[in-house]
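Colleague: Please walk me through this model. I would like to hear about its charged pairs and its core.

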Amino acid sequence: DISGAVKASTSDASNAVSAVLGIVENLSEIVGTAFDADTGESSNEALEAFCAETDLLKWLLRRIEKKRDVDQNKLYASEILSIMLQSSAKCRRMCVAMDGLDALLQSTSTYKKREPEDDGEKELVENLFDAICAIVIHDENKATFVELEGIELMLILLAGKNKAPGANF
């Protein structure tokens, strides 16, 4: 159970978490993302299995929380989450169902009043933006985005000095 059994507080545990996230990323690449031309939906069987059969999605959402310091595993978690949401309609639906869009917006809101301090934080913001875009691009999620004041947050972030270069918004 990746959600609670491994706490990335020690160097060995942090390295183990990073290795597990690397395996998830590699499996997603090996399986690849398929696109259904009839439905317009993407799918990745490996990522969908992780979402359906483990607590990985929930763990990733907890790992990106704004109260956590940015470390290699928070950054890697944001990257895997972004890949997952871009690659699978099922994972996107599961994420939205567990209030994942709210979690992504809350994590991004950290940068309303301050700029990312280093390249790691800039990459984190880019990953969060990519994940938000992957969800919001689908019509069924736009109303939730508006209700959560996502538009206002994105405008604040984009209008300020705190834009992450290359962010997709």
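Modeller: Buried means under 20% relative accessible area, exposed over 50%, and partly exposed in between (1.4 Å probe, protein chains only). This is a predicted model, where local features need pLDDT of at least 70, side-chain atom pairs count only at pLDDT 80 or more, and totals for chains, interfaces and linings use all residues. Residues are numbered from 1 along each chain as its sequence is written, and side-chain values use heavy atoms, with hydrogens and water left out.

Colleague: Is K142 buried or partly exposed?

Modeller: A salt bridge is a side-chain nitrogen of Lys or Arg within 4 Å of a carboxyl oxygen of Asp or Glu. K142 makes one with D139, at 3.0 Å from N to O. D139 is exposed at 60% relative accessibility. The value for K142 is 37%, so K142 counts as partly exposed.

Colleague: Which residues are linked with R114 in a network of salt bridges?

Modeller: R114 meets E117 through their side chains, 3.4 Å from N to O. E117 is exposed at 62%, while R114 is partly exposed at 30%. The residues linked with R114 in the network are E117 and E121.

Colleague: Which helix supplies the largest share of the largest nonpolar core?

Modeller: A nonpolar core is a set of buried Ala, Val, Leu, Ile, Met, Phe, Trp, Tyr and Cys residues joined through side-chain atoms within 4.5 Å. The largest one has 38 residues, of which L60 and L104 touch the most other members. Helices are DSSP runs (H or I, at least four residues), numbered from the N terminus. With nine residues, the largest share comes from α7.

Definitions and conventions. Helix = DSSP H or I, 4+ residues; strand = E, 2+ residues; numbered from the N terminus.
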